[in-house]
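Student: I'm new to this structure and would like a close look at just one part of it. Could you pick one strand and walk me through its surroundings?

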Amino acid sequence: MNGRILAMLLVGPALVAGALMYWLQLYAFYEELDPASVELTLISRETGVPEPFPGTVIAAIDADSSPIRFRACARADIAPEALSAAFEPYPKPEPLNAPGWFDCFDAREIGEALKAGRARAFLSAPEIHDGVDRVIAVMEDGRAFAWQQLNEKYKD
């Protein structure tokens, strides 16, 4: 009998702590943003100045707990080829996973499309936070995705 009580005293709090940690990682800190309030930009090749992203933001999330938790899904009004002629490419895009409930953003699909040449990545905002750039990838079908990733400043 005493062994069962001891086991419950150990396992019970561990299960509660695990569930709390899961909830904190996936839900607690994220905030859904009003798509109309999200201002995406692209850096002009010609001037080096940010210009408004030619498209519409559909959904976006962010969290104050980390500068790399921003994600956005959008629709581009211009083909990736035309964007490539006008805006700075991003050399090493690494889409980061979004929480499962933010289902418009699939990092694996974006990464595979970038590797296969079905999407192109552009610099949206350099150093949006210390050591962090905002990147936008545009797919051939016009879907666009934005995220923030560490730049070379803090990588090994």
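Tutor: Here's a stroll around strand β7 and its neighbours. Keep in mind that this is a predicted model.

Let's start with the sheet. It is an open one made of six strands, running β1-β4-β5-β8-β7-β6, with antiparallel pairing. At the edges sit β1 (31-33) and β6 (119-129), each with a partner on one side only. Neighbouring strands are turned by 20° against each other on average, ignoring direction.

Now zoom in on β7, which covers residues 132-139. On one flank, β7 pairs with β6 in the antiparallel sense over seven bridges. Here Leu123 stands opposite Val135 of β7. The two strands make a hairpin with two residues between them, and Gly131 in that turn has a positive phi of about 80°.

On the other flank is β8 (residues 143-150), also antiparallel to β7, over seven bridges. Val135 turns up again here, this time opposite Trp147 in β8, while Ile136 faces Ala146 across the pair. This is a hairpin too, with three residues between the strands; Gly142 in the turn has a positive phi of about 95°.

What about above and below? Helix α3 (residues 107-116) packs on the sheet and touches β6, β7 and β8, its direction making about 75° with that of β7. Both faces of β7 are covered: Val132, Arg134, Ile136 and Val138 are buried on one side, and Asp133, Val135, Ala137 and Met139 on the other. With eight of its eight residues buried, β7 is therefore largely enclosed by the rest of the structure.

Terms used
Residues numbered from 1 in each chain as written. Predicted model: local features only at pLDDT ≥ 70, side-chain atom pairs only at ≥ 80, totals over all residues. Heavy atoms only, no water. Pairing = 2+ DSSP bridges. Helix = DSSP H or I, 4+ residues; strand = E, 2+ residues; numbered from the N terminus. Axes fitted to C-alpha atoms, helices over the stretch in contact; angles between N-to-C directions. Contact = heavy atoms within 4.5 Å. Buried < 20%, exposed > 50% of the residue type's maximum accessible area, 1.4 Å probe, protein only.
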